[in-house]
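Open your viewer, get the cartoon view up, and keep the selection box handy. We'll go stop by stop, picking something to select and then looking at what is there.

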Amino acid sequence: MNLAEMKKLFKDYVQEIVPYEPGKPIEEVERELGLLRVTKLASNENPLGPSRRALRAMRAALRRVHLYPDGGAYELKKRLSQEYSLPADQLVVGNGSNEIIELLARGFLNEGDRVISSEHSFLVYPLIAKTCGASYVPVPMRDFRYDLKGILNQIDERTKIIFIANPNNPTGTYVTAQEVEDFLSKVPKDVVVCFDEAYVDFVEAKDFPYLLFHVKANKPNVVLLRTFSKSFGLAGLRVGYGMASGEMVRYLEKIRQPFNVNRIAQIGACAALDDRLFLWRSKRLVARGRLYLYRKFEQMGLNYVPSEANFVLVDVKRDARTLAQALLKYGMIVRAMNAYGLDTHLRVTIGTRFELMRFIRILKRVLRKGEINP
Ligand SMILES: Cc1ncc(COP(=O)(O)O)c(C=O)c1O
């Protein structure tokens, strides 16, 4: 079989998928450009590193890696269940919250179904919808925010899942409690609404929705997603979880891999949950880092979108991809948002103060040198 023949074997809709492009790993940039000092502010990771407590627990757990993990993630679910006062059978854990997104898609979507979300949102939603042969409807934003009324208008009888990233990646904006309640009262009961709260720990807004009570009330069509990748600093471990009605969780459990969350990840996540000081330091760093970037962008005359997450979207008024390439030459990895339909925007992850100062210094240098014209 030659390459062309093999290509024909793939499903038509798989051939059309544009692969997800993650932020460049530090090691790759060091290797390719021969740089010694590289700063990565591109993947919304935690600049504090992992919590020491989690590290200690994981080191001890290494001795048992010859054994399969607990397929039911009993301890982790128990710990999460205590954390939220939610029965353990309303929790599903995954290889990152990305896996739960995938389980929802695999569990619910038939070919030809519809998934609705927003434009300028997490690129994994269209990727996974298309993998299942569903169509993906990105509803236009209003002022960089999800337009929930616009989403309601798009619901039809083929609509199965609505994804709402709250706060949203890459804009950092959120939908309010009032907007969500109004929305949920109008969504048909047979449409799954998944609130992806990957960045919830960084939220300071007082009118941010508290949706756990819908889950506690066993509302059948609401799913909440959370992750250990951001505020807990464990992105490389890949652990996330979903909270939903018992019935929904039972279905998702049926289709997951038996050992989807590895042994070290389960133990690291449990220990991280106990490290309240680490969580507090992460939140404080992000809150201060956002304010620092706002101030610097204002001084530089650049518009930014106020953020409730651990990154800030900034309009650099020129092609973002070209600018990101220029920054890369100085060992600064940030994310150009062209693939998200924001051609003149960069997304900058909140790093340590030192990293942010370095970013601003390099950005100013590149803009001043006029290497990149508007
Ligand atoms: C909105 C959103 N949801 C989910 C995730 C994925 O998180 P995880 O690492 O738990 O798979 C991300 C990661 O960047 C994200 O931005």
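What follows is a short tour of domains, sheets, pockets and a few odd spots in the backbone.

Before you click, know that this is a predicted model, where local features need pLDDT of at least 70, side-chain atom pairs count only at pLDDT 80 or more, and totals for chains, interfaces and linings use all residues. Residues are numbered from 1 along each chain as its sequence is written, and side-chain values use heavy atoms, with hydrogens and water left out.

**Stop 1: the two domains**

Select 3-49 together with 277-368 and give that a colour: this is domain 1. Now colour 52-275, which is domain 2. These bounds come from an automatic or database domain assignment. The C-alpha centres of the two domains lie 23 Å apart. Where they meet, the contact (heavy atoms within 4.5 Å) takes 32 residues from domain 1 and 32 residues from domain 2.

**Stop 2: the seven-stranded sheet**

Next, look for an open sheet with seven strands, in the order β2-β8-β7-β6-β5-β3-β4 and with mixed pairing. A quick word on labels: helices (H or I, at least four residues) and strands (E, at least two) are DSSP runs, numbered from the N terminus. Two strands pair if DSSP finds at least two bridges between them. In general, strands of a sheet pair through backbone hydrogen bonds, either parallel or antiparallel.

Which strands sit at the edges? Select 91-94 for β2 and 135-139 for β4; each of these edge strands pairs on one side only. Going from one strand to the next, the twist averages 20°.

Now zoom in on 159-165 (β5) and 192-196 (β6), which pair in the parallel sense over five bridges. Show A165 and you'll find it opposite D196 in β6.

Add helix α7, residues 124-131: this helix packs on the sheet and touches β3 (114-118), β4, β5 and β6. Its direction makes about 155° with that of β4. For such angles, axes are lines fitted to C-alpha atoms, for helices over the stretch in contact, and angles run from 0 to 180 degrees between N-to-C directions. Then pick α5 (74-84), which lies across β2, β7 (222-227) and β8 (240-243), running at about 130° to β2.

**Stop 3: the four-stranded sheet**

Hop over to another open sheet, with four strands in the order β9-β10-β13-β12 and antiparallel pairing. Its edge strands are β9 (303-305) and β12. Select 311-315 (β10) and 345-349 (β13): five bridges join this antiparallel pair. Here F311 stands opposite T349. Helix α14 packs on this sheet, touching β12 and β13, at about 45° to the direction of β13.

**Stop 4: pockets and a cavity**

Switch on a surface. On a 1 Å grid over the protein atoms alone, a cavity is a set of points where a 1.4 Å probe fits but cannot get out, while a pocket is an open set with protein on both sides within 12 Å along at least five of seven lines; lining residues have an atom within 4 Å of a point. Grid points are joined across faces, edges and corners, and a volume is the space filled by probe spheres set on the points.

How much space lies in the largest pocket? About 830 Å³. Select E21, L123, R321, A339 and Y340, which lie nearest its centre among the 32 lining residues. Helix α14 (320-328) gives the most to this lining, with four residues. Both domains take part, with at least three residues from each.

The second largest pocket holds about 570 Å³. Select Y20, S43, N98, K230 and R238, the closest to its centre of the 30 that line it. Helix α6 (97-108) gives the most here, with three residues.

A search of the whole structure finds one cavity of 30 Å³ or more. Its lining is E45, N46, P47, F202, K230, S282, L285, V286 and N310.

**Stop 5: backbone oddities**

Finish with sticks. The peptide bond from N166 to P167 is cis, with omega near -5°; P167 is in the loop between β5 and α9 (177-186). Another cis bond joins N169 and P170, with omega about 20°, and P170 is also in the loop between β5 and α9. Lastly, select S85, in the loop between α5 and β2: its phi is near 50°, a positive value in a residue other than glycine.
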